[in-house]
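Colleague: Please take a close look at a single part of this model, and then set that part in the context of the whole chain. I should like the criteria behind each term to be stated as you go.

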Amino acid sequence: MGFGKVILFGEHFVVHGCEAVVAGISEYTDCSLEVLKGKPGVEVVDKRPAVPGYIKEKRAEQQKAHQLVLDHLKINTSVDGLRITLGGPLVPSSGIGASASDVVALSRALSELYNLNLTEDQVNGSAFVGEGGYHGTPSGVDNTAATFGGLISYKRKDSRSLFQSIKFAKPLYLVVIGTGITASTTKVVADVRKLKEENPMFFTQLVSQYNTLVAEAIKALQDGDLHALGFLMNKCHDLCVQLTISCNELEAIVKACRQYGALGAKLSGTGRGGIAVALTSSAKSRDKLVQELKDNCPEAKFIWKYSVTNGKANL
Ligand code: MEV
């Protein structure tokens, strides 16, 4: 199985070498495999409870991703094929790490079926290769969260994934809100790269603001300063707006979260649809925010509650 994830800080910046903060969530994708004797090729039975449109929209990328994992692990399906059945409680939608949890779950299942004895690092490496099928040049943050779970800081440096668990002082009560819009990570990542190429000075200045902000955010997590954390999430969202990765629906959701008591709110993941994440001060204020969003925010098409406690997500 592979966990879903919520990026708290650093979507897109992480593709350009910055540090990100990500929480693995306990909802996961699982994968079972069946060898199709004498029937070559790969069949996918996708039973994941996705938001409408998601599975169809991602089908071609998924095929590429699965083949990359099979090639990486040297599994040949040209004589005996493979049926891949995906399921589990994670609701696939843009931003929640569904693609990474898919390729992590597949890598683990292949390891078991073919006795590959993959280590966790090898599962993560295999999933990183698979993520390439979903979005060309992944930073590796999603597959790392999907493999290991928990709250981690992550950075890609010199083609290596550097990550460590963050010891945080207070539980995080999060609300994740889905727009129902499936965004193409490949396209949005390419647009941000274009912005960087066309406006290098502007981009460098955003990166520098972000680097200061993420260092403060990690300190706020370690100190248990939730108000500072919320403030920094708001600031991070503003930087995401400047990266041009927000949209009207995300703006309406983020505004409503702040209006109805969130300590901070921002888009999370790819952007231009997908999800937003809001931080609240307690389980009670989280429940209140969920109710207000249901009553007053039509752009909030899906709402999930999460907690992150003691280095583990969503217990
Ligand atoms: C997508 O969940 C996160 C991005 O930063 C892409 C990546 O890190 O590979 C947009």
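Modeller: The part I have chosen is H12, which lies in the loop between strand 1 and strand 2; helices (H or I, at least four residues) and strands (E, at least two) are DSSP runs, numbered from the N terminus. The model is predicted, so local features need pLDDT of at least 70 and side-chain atom pairs count only at pLDDT 80 or more, while totals for chains, interfaces and linings use all residues. Residues are numbered from 1 along each chain as its sequence is written, and side-chain values use heavy atoms, with hydrogens and water left out.

The backbone at H12 has a phi near 70°, a positive value in a residue other than glycine. H12 is buried, its relative accessible area being 6%; buried means under 20% relative accessible area, exposed over 50%, and partly exposed in between (1.4 Å probe, protein chains only).

S159 also has a positive phi without being glycine, here near 60°. This residue sits in the loop between strand 5 and strand 6. S159 is exposed, with a relative accessible area of 62%.

Positive phi values are also found just after two helices. N115, just after helix 2, has a phi of about 50°, and G149, just after helix 4, has one of about 65°.

The two strands that flank the loop of H12 are among the elements against which the buried residues of helix 4 pack. Strand 1 covers residues 2–9 and strand 2 residues 20–36; the other partners are helix 2, helix 3 (120–135), strand 5 (151–157) and strand 6 (160–165). Helix 4 (residues 141–148) is mostly covered, with seven of its eight residues buried: V141, D142, N143, T144, A145, A146 and T147.

Helix 2, one of those partners, is mostly covered as well, 14 of its 16 residues being buried. The expected span of a helix is 1.5 Å times one less than its number of residues. Helix 2 (residues 98–113) should therefore span 22 Å, and its end C-alpha atoms are indeed 22 Å apart.

Elsewhere, V45 belongs to strand 3 (residues 42–46) and is partly exposed, at 30% relative accessible area. Apart from neighbours within four places in sequence, V45 is in contact (heavy atoms within 4.5 Å) with R83, I84, T85 and L86. The C-alpha atoms of V45 and T85 are 4.6 Å apart, although 40 residues separate the two along the chain.

For the chain as a whole, 75% of the contacts with a separation of 6 or more join residues 24 or more positions apart. The chain has nine helices and 11 strands. Its radius of gyration is 19 Å, close to the 20 Å that the globule rule gives for 315 residues, so the chain is as compact as a globular protein of that length. That radius is taken over C-alpha atoms, and the rule is 2.2 Å times the number of residues to the power 0.38. Taken along the principal axes, the C-alpha atoms fill a box of roughly 60 × 45 × 35 Å. Of the 315 residues, 54% are buried, as H12 is.
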